Amino acid sequence: MTDLPLYLHIAHQLQARLDSGEWPPGSRLPAVRRLAAEHGVNTLTALAAYRHLEEQQRVVARPRSGFFCRAATPCRQRYDGAPGPTAAALVDVDSRMSQLIRLSASSIRQQLHMAEAHSSLYPAQELSRRMQLLLARQPELIGAYLPTADQQQLQQQIRRLAASWQLDIPTDHILFTQGITEAISLSLRHLRPGGDVVAVETPVYFGLLQTLQILGLKALEIPCTPDAGLSLEALEFALRHGAPVKCLVTVTNFQNPTGALMPDDNKKRLLQLARRHGLTIIEDDVFGELYFGAQHPTPLKAWDRDGEVIYCSSFTKSFAPAFRLGWLSGGRHHAALERLRESSSLVSPAILLAVLSEVLASGDYARISQRIRQQLKQQMDALADAVLAAFPRGTRVRRPQGGMLLWVEGPEGLDSQAMLETALARSISFAPGLVFSAEPRFAHCLRINCGQPWSTQLAEDIRTLGWLASEQLAGSR
């Protein structure tokens, strides 16, 4: 047990005491502060131990009263009630990530593990023609920066696009980046979070965990549910009990991997909470343009009056993945972020920015992104139906209102990592739940990409995954 996180050591000790009958069912357990003092840990670690036992249905939490013993009926974690924050941990995900990254360059026939849409969804031929015509007219774009006037024009076009999302961003507060990953990395480098702790959602996109690892930062995982996104109650508890957190990274629109869309009221409450506790928010809106409804959901940044939200967006999912065109608007941090960008990668390739500018100016971007959204919605519906039909009883799926990811919560006992190994032998991949946390969590979950066009073969492959899940569960009984 020496390799287990500290909160699990405490949880196991508590479980042994529960098994011994020290506390009969219904009796009150030691308060969180008392438990923390007994073990010489902070209250977040003690709370994480109780929450782990709550997930196992060994204890029950009662508002304003604490934790109480209940009959031992072990069960997997569900999303009906969000658990508390997990104690901050130094991120180490390379061992779990390396296999997934290698799969993208492999000969796996059905690749469902990355958050990528099939190339057929994007206007490759149209963009190729535009690029050739642009280079014929302006060959200097191949080896120069985008002229200032052209850059300002593109910034104005993005400002108008953002205005349709209810965002009011000054033209000179739009900074181009190499995709959204650079935008988030720049923001984290600038903020240099106090105590080296960054609050993140859990489950969380493994790419963010890799970024934190590279920067030597710790992740304080705050629960995220497929229904409403980040748990504001858990975040507030962490902040009120002294968590050394001055920065939060959140995906409010179609979170990765759960697909959650945070309600507008929650977004406003999150801003109020951040203001009270001096918390700077990095908002990742990479999937915002992939909405299935009538309009782009309003970003958190739209209600920011203090300049404490660093808004990060990208055209990689809704326009051209290979272009890696992202941008950010840094509020009161913007000037510092500009200086930091100048010290690293300077600017995005001029030819790619020029193509984007032309597509936005012509109105073709609206047509292209709308077609991608419609196709993704059809594929998402077909995929969700197929999973529910093929996977064993007890499987839960929340149909997202946008994005390209389906989060599947399997029945008790499912081991999605072991299931992936058997699926790879049949040339099918997906992302197992364990990669979406710095801690060993979500083993019974998996994320499936809906960016692949629906086909007879894909339908058969989903049936195969369902059969593998059923066989594994049958063999474990």
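A residue is called buried when its relative accessible area is under 20%.

**Figure 1. The whole protein, as a predicted model.** By that yardstick, buried residues make up 57% of the 477 residues in the protein. The fold holds 15 helices and 17 strands. Take the contacts between residues at least 6 apart in sequence: 73% of them join residues at least 24 apart. The accessible surface adds up to about 19,900 Å², and carbon and sulfur atoms hold 50% of that. As for confidence, the mean pLDDT is 88, with 89% of the residues at 70 or more.

**Figure 2. A stretch to take with a pinch of salt, residues 72–82.** Here pLDDT stays under 50, although the model still gives these residues 41 contacts beyond four places in sequence. Where pLDDT is low, the predicted coordinates should not be read in detail.

**Figure 3. Helix 1 meets helix 2.** Helix 1 covers residues 6–19 and helix 2 covers residues 32–39; their axes come within 12 Å and cross at roughly 105 degrees. An angle from 65 to 115 degrees counts as roughly perpendicular, so that is how these two helices sit relative to each other. On the helix 1 side, the contact is made by Ile10, Gln13, Leu14 and Arg17. Helix 2 answers with Leu35, Glu38 and His39. Tyrosine 7 is also part of helix 1, and this residue is buried, at 8% relative accessible area. Look for leucine 47 too: 40 residues separate it from tyrosine 7 in sequence, yet the two C-alpha atoms are 8.2 Å apart.

**Figure 4. Histidine 190 and its contacts from far along the chain.** Histidine 190 belongs to helix 7, which spans residues 179–191. Is histidine 190 buried or exposed? With 19% relative accessibility, histidine 190 counts as buried, since the cut-off is under 20%. Setting aside neighbours within four places in sequence, histidine 190 is in contact with His333, Ala336, Leu337 and Leu340.

**Figure 5. Strand 9, with a parallel partner in strand 6 and another in strand 10.** Strand 9 runs over residues 245–250, and 5 of its 6 residues are buried, so the rest of the structure largely encloses this strand. Strand 6 (residues 197–202) pairs with strand 9 over 3 bridges, and alanine 199 stands opposite leucine 248. Strand 10 (residues 280–284) pairs with strand 9 over 4 bridges. In that pairing, valine 249 stands opposite isoleucine 282.

**Figure 6. Unusual backbone spots in two loops.** Most residues other than glycine have a negative phi, and most peptide bonds are trans. Threonine 202 and proline 203, however, are joined by a cis peptide bond, with omega about 5 degrees. Proline 203 sits in the loop between strand 6 and helix 8 (206–215). Another cis bond runs from asparagine 256 to proline 257, with omega near 20 degrees. Proline 257 is in the loop between strand 9 and helix 10 (264–277). Phenylalanine 254 is found in the loop between strand 9 and helix 10 as well. Its phi is positive, about 65 degrees, though phenylalanine 254 is not a glycine. Phenylalanine 254 is buried too, at 3% relative accessible area.

**Figure 7. An open sheet of 4 strands, and the helix packed on it.** What is the order of the strands? They go 13-14-17-16, with antiparallel pairing. Strand 13 (396–397) and strand 16 (431–432) are the edge strands, each pairing on one side only. Helix 13 (residues 364–390) packs on the sheet and touches strand 13, strand 14 (405–409) and strand 17. The helix direction makes about 15 degrees with that of strand 14. Strand 16 and strand 17 (residues 445–449) are joined by 2 bridges, and proline 432 has leucine 446 as its bridge partner.

**Figure 8. Serine 416 and the residues it touches.** Serine 416 is part of helix 14 (residues 416–424), and at 0% relative accessibility it counts as buried. Which residues does serine 416 touch, leaving out those up to four places away in sequence? They are Phe430, Pro432, Gly433, Phe442, Ala443, Cys445 and Leu446. Serine 416 and phenylalanine 430 are 14 residues apart in sequence, with 9.2 Å between their C-alpha atoms. Phenylalanine 442 comes from the loop between strand 16 and strand 17. This phenylalanine 442 has a positive phi of about 65 degrees despite not being a glycine, and at 4% relative accessibility it is buried.

Conventions
Residues are numbered from 1 along each chain as its sequence is written. This is a predicted model: local features need pLDDT of at least 70, side-chain atom pairs count only at pLDDT 80 or more; totals for chains, interfaces and linings use all residues. Side-chain values use heavy atoms; hydrogens and water are left out. Two strands pair if DSSP finds at least two bridges between them. Contact means heavy atoms within 4.5 Å. Axes are lines fitted to C-alpha atoms, for helices over the stretch in contact, and angles run from 0 to 180 degrees between N-to-C directions. pLDDT is the predictor's confidence in each residue, from 0 to 100. Buried means under 20% relative accessible area, exposed over 50%, partly exposed in between (1.4 Å probe, protein chains only). Accessible areas come from the Shrake-Rupley method with a 1.4 Å probe; for residues, only the protein chains shown count as cover. Angles under 35 degrees count as roughly parallel, over 145 as roughly antiparallel, 65 to 115 as roughly perpendicular and the rest as oblique.
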